[in-house]
Amino acid sequence: MTVLKVKFTKTKRDKLAQILWILNWVSVVSGIILFSLGLFLKIEIKKRNEVMAKGDINSVPNMLISVGVIACVVNFLGGKICYDCSDANKFSRWKLIMLPYIICTFCFTFCILLGALMCYTMRNELEESLYLGLRDAIKFYKDTDIPGRCFLKKTVDMLQIGFQCCGNNGFRDWFEVQWVSARYLNMASKEVMDRFKSNVDGKFLVDGVPFSCCNPSSPRPCIQYHLTNNSAHYNYDFLTEELNIWVKGCREALLEYYTAIMRSIGIAALLIWLFELSVLIGVRYLQTAMKNVLLQGDLQGESDGWLLENSFVETAKYNINIIKNLGKANQISTVSGMNDPNINVQNTNCGKSNVTAKSIPAAS
Amino acid sequence: MALLKVKFNQKKRVKLAQGLWLMNWFSVFAGIIVFSMGLFLKIELRKRSEVMDNSESHFVPNSLILMGILSCAFNGFAGKICYDSLDPAKFAKWKPLLKPYLALCFFFNILLFFVALICFLMRGSLESTLAQGLKNSMKFYRDTDTPGRCFMKKTIDMLQIEFKCCGNNGFKDWFEIQWISNRYLDFSSKEVKDRIKSNVDGRYLVDGVPFSCCNPSSPRPCIQYQVTNNSAHYSYDYQTEELNLWGRGCREALLHYYSSMMSSMGAVVLLVWLFEMSVMVGLRLLHTSLESIANPEDPECESEGWILENSLKDTLKSALESLKKIGKFNQVEAGAEGAEGEEAGKTPAITTVS
């Protein structure tokens, strides 16, 4: 029993081939879109790499880029095949390649799906990476005279201004690190020495934040120091004051920014996946229809096309058997022909060709 | 003696008309560009209207928009004429319109040239507008609880951050105004009282600047208060410190921004002007060459085209005379007289050609 059998006449086949040819070219464009989305994400991540810890965040953009390139190649080939399908002579040279092509493309579409899903699952890794990266960046904020970190202060300041955020989780993160370089502290002054001594690690900690935390929307001139000390400022209560400095932490702000980007990229990738899958189904129909035409020998006659030769359950069983056989063959060859890698290849090839040879008469 | 006399045969005339038709459509496109530049400039100016004096007029953007629309209309019309000029029957109905149209076109091009010049010359008035506007808005920086000025602080802060500038001419402008609202000053504190008393007007002046003046590139945490007091900060000399606050005044920064925008627009308008001039010259040649066809029944014949019928001097003289006539007589009479005079001037020219 075949799944989703459709009858094709000669004109229908030709029309299908033409439409598939166009759709394959559209798919090439969608591959380019995937590629550029990946590139865009990579650039966006690279832009802020100073506040991100080294991790496998780049896996998503890399995945998208490689999937995009492969999609271009695969669909280009598909377009070529579909173009040649209208001519039986030309089709004969693709005959053997078509089934492996469909299987490979079928597997490949799942790579696209994987890429799309990765866009949604990356949030945790990204959060982790941002957390560590921002922590380090805040820690090194004061090191404007250490080579390699000279511009970290500027980066963090611009980030806080641009993303309207303060600190890692919030402004209090600045209270826990020494963000004023010792170079600009007067060690002779009593106040500074007292502050140093009161701290276990000998750090100069203040309840203040850099100027970039200030919120321009505040009606009052920005209060940066003695933030938690109500008596230091007139008419000030730090618990109710919401507009003075940015309340949102930069991790949250950046995370929101990147998740929004990746969510839209994920949707685009999902749509492309659906499109590729539908094109692939079309190619499968074309392939089975063309195969049956060649078997019947009547090039102008009608022929059947289908998605699967047997029902789902049977096909699944059949494939599992093939995989089992392959596993066995591999095992045997690894045992018997350790020194000769060619045998391995031959064996698997034989297995495959046997399978296809078997399947063709079954199909007819 | 005609200026720039060119001989045309049928083929050349067709080619000229076709070329002009195409160029006119390009001109329509150029008109759209001028229009959108004007719109863009208007929006840009409107965006910063809070830091510009109220007397600031949108003269440049408005004239650019007007020029863009006029150029679209004129060139669309000219394109239609050029398209029809190949067919004598269709051309006949345009014939009487062509001369006034060309005169209008000429004035339009002069106007366009002036608009281009204005784009370059607006700098001065923009500077005074900005200086006045920034001064006023800085004065109202503290009035965050006065209706209508609630967001002035935010506007100025964003402006200073975005344009990397501080104050009107420089950061010292902030020392001369009270930018901290009385609402946030503790009048029971001795320090505040002393400061208010020490000032004649009873204002609270500090040698400090708002946070938005701070330069993120500075290696040291931003010093906002006691900016000119070296002893208040360790290892600090305000005269050599360049990175702490933005050194540039906002007037200069904004002026640079707008004048660079306007001068590039002026350059584009000049290019459009050159293009329009060449289109007009072409149209004039087409017009005269079609008018000077001796035999209307034979459209294949050769004819001559020119830009001016007489030399430059004579044309100026006759133009002056007709102006004088207009001055002497009332308008209706002078108009009729002038038209007659022109007709009289035209017929001998045609006869000489034929």
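**Domains and helices in a two-chain model**

Let's begin with chain A of this predicted model. Its domain assignment gives domain 1, made up of residues 2–137 and 252–322, and domain 2, which covers 171–247. Domain 1 of chain A is thus written in two segments, with the residues of domain 2 falling between them in the numbering. Taken over C-alpha atoms, the centres of these two domains of chain A are separated by 54 Å.

Staying with chain A, we can turn to its record. The UniProt annotation "transmembrane region" is placed on residues 25–43, 62–80, 100–123 and 265–290 of chain A. Two of these stretches are worth following in the model. Residues 62–80 of chain A are 100% helix and 0% strand, with 27 Å between the end C-alpha atoms. Residues 265–290 of chain A are likewise 100% helix and 0% strand, and here the end C-alpha atoms lie 37 Å apart.

Now over to chain B. Its assignment gives domain 1 as 3–137 + 252–295 + 302–308, and domain 2 as 171–245. The C-alpha centres of domain 1 and domain 2 of chain B are 52 Å apart.

Chain B also offers a helix pair to look at. Helix α4 (residues 123–139) and helix α7 (residues 250–291) of chain B have axes that come within 10 Å and cross at roughly 145°. The crossing of α4(B) and α7(B) is right-handed. On the α4(B) side, the contact is made by Arg123(B), Leu126(B), Glu127(B), Leu130(B), Ala131(B) and Leu134(B). From α7(B) come Cys250(B), Arg251(B), Leu254(B), Leu255(B), Tyr258(B), Ser259(B) and Met262(B). Sorted by class, this contact between α4(B) and α7(B) has nine nonpolar, one polar and three charged residues.

Notes
Residues numbered from 1 in each chain as written. Chains lettered and ligands numbered in written order. Predicted model: local features only at pLDDT ≥ 70, side-chain atom pairs only at ≥ 80, totals over all residues. Heavy atoms only, no water. Domains from an automatic or database assignment. Axes fitted to C-alpha atoms, helices over the stretch in contact; angles between N-to-C directions. Helix = DSSP H or I, 4+ residues; strand = E, 2+ residues; numbered from the N terminus. Left-handed = near helix turned anticlockwise from the far one by under 90°. Contact = heavy atoms within 4.5 Å. Nonpolar A, V, L, I, M, F, W, Y, C, P; charged D, E, K, R; others polar. UniProt positions renumbered as here; feature names shortened; annotations may be inferred.
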